[in-house]
Amino acid sequence: MPLLTNIGQLAVCPSQGGPSELGLIEAAALAWRREQILWAGSQRELPEEFKAFPSHDAGGALVVPGLVDCHTHLGFGGWRADEFEQRLLGASYLEIARRGGGIASTVAATRAVSQKALLSRCREFLSRIVQLGVTTLECKSGYGLDWPSERKLLQVYRELAAEGPVRIVSTFLGAHIVPPELRADRQRYVGALIENMIPAVARQRLAEFCDVFVEETAFSLEEARRILMAGKRHGLESKLHADQLSEGGGALLAAEVEAVSADHLECISEQGIQALADRRVVAVMLPLAALYLRQTPLQARRLIDQGVRVAVATDFNPGSAPSYHLPLALMLACTLQGMTPAEALRGATIEAARALRRGDRIGSLEAGKAADFVLLDAESVNHWLYHFRPNSCLQTWIGGKQVYQRGVATPRS
């Protein structure tokens with residue numbers, strides 16, 4: 001039954017708070033038993049029953065809930081650095097995709113990589129991600145686009161989840177694009193998703209969510225509706241890549257199917273914003289993608305002021321967001337998208353947890369929730385995201401166990 005004392009400032013990020021409510025506690029302490037938080041509050045008010053607990057000294061650090069990256073494409077083969085140069089020379093994302101680049105090129109590379117090699121690569125990514133204070137990671141498939149390759153990706157995520165320490169949440173994104181070999185017969189692929197892949201994913205319990213990329217070069221609204229409803233019939237909750245490159249009605253569809261989240265949204269309409277608010281769909285901001293694609297960033301205030309819950313994630317992938325640095329995404333959510341540091345932190349903790357249907361288990365430092373927390377070398381949340389550094393994380397704890405300490409190699413459990 002450990003105790004963390006001498007916390008300079010504790011950000012609780014309470015479940016019931018508004019978009020900027022951090023529940024800040026100065027000179028705080030945190031107590032937990034096994035994997036579960038028992039108490040958080042001012043150290044001066046520490047209950048007598050906890051005073052004999054084995055104590056860890058936070059050294060005056062800022063302590064926040066474990067960060068939750070609720071949108072990543074962790075497993076893939078190859079990189080796409082050549083496309084980075086092409087975009088800098090004026091080529092658009094859609095132009096590159098039409099020439100056979102983009103997602104299609106990563107699909108070819110991913111199909112060619114063995115499951116063992118993919119697992120090794122993902123482990124290496126995770127070993128660095130946990131050092132940034134990330135304790136939960138959503139991982140999408142979508143770079144296989146045939147059943148053997150999609151299953152390979154989802155099995156890698158299953159192995160990572162079993163190994164720990166990072167909490168892994170899997171999403172089936174077979175509807176990323178239509179694979180090149182079936183572009184002339186796209187309905188055949190949609191049929192395969194609905195009739196074969198989704199039932200197999202559900203039967204083998206390989207994912208919790210079903211995602212669709214709604215875009216000109218990907219799937220239409222009607223196709224997405226059919227795919228998502230098939231997912232629901234098999235117990236997979238809905239997510240959407242929506243309104244990223246054009247206003248295609250993705251946010252409206254997300255509200256219609258009661259998706260848990262709608263992600264990207266750079267081109268969302270006012271009607272789409274209101275629909276997300278009405279149906280309480282979490283909007284996931286992905287500022288790294290907007291930065292790399294040189295898009296005009298969505299101003300998050302438009303959503304927050306209308307009551308939409310807003311999360312922040314990296315969109316880590318080899319094309320449009322080749323970085324897993326969630327604190328960098330939080331700083332960009334502030335500077336490019338107009339979020340306050342408090343809103344951004346909630347966006348990567350309790351709101352991101354809600355985007356994974358885990359708001360009752362993770363995302364805040366409240367009694368009864370998982371003891372996932374991070375010690376940061378910063379005097380406040382404002383200072384952490386204002387004075388951006390390569391990494392301010394001192395320690396990462398998951399389920400009450402320390403899994404990273406700066407300067408100390410911590411083996412995977």
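**Exercise 1.** How much space lies in the second largest cavity, and which residues are the closest to its centre?

*Solution.* The model is predicted, with local features needing pLDDT of at least 70 and side-chain atom pairs counting only at pLDDT 80 or more, while totals for chains, interfaces and linings use all residues. Residues are numbered from 1 along each chain as its sequence is written, and side-chain values use heavy atoms, with hydrogens and water left out.

Step 1: fix the term, a cavity being a set of points, on a 1 Å grid over the protein atoms alone, where a 1.4 Å probe fits but cannot get out, and lining residues having an atom within 4 Å of a point. Points are joined across faces, edges and corners, and a volume is the space filled by probe spheres set on them.

Step 2: the second largest cavity holds about 70 Å³ of space. Its lining has 13 residues, of which Pro 327, Trp 384, Phe 388, Arg 389 and Ser 392 are the closest to the centre.

**Exercise 2.** Describe the largest cavity and its lining.

*Solution.* Step 1: the search of the whole structure yields three cavities of 30 Å³ or more, and the volume of the largest is about 110 Å³.

Step 2: among the 13 residues that line the largest cavity, Tyr 93, Ile 103, His 176, Asn 317 and Ser 320 are the closest to its centre.

Step 3: with Ala, Val, Leu, Ile, Met, Phe, Trp, Tyr, Cys and Pro counted as nonpolar, Asp, Glu, Lys and Arg as charged, and the others, Gly among them, as polar, this lining divides into four nonpolar, seven polar and two charged residues.

Technical notes: On a 1 Å grid over the protein atoms alone, a cavity is a set of points where a 1.4 Å probe fits but cannot get out, and a pocket is an open set with protein on both sides within 12 Å along at least five of seven lines; lining residues have an atom within 4 Å of a point.
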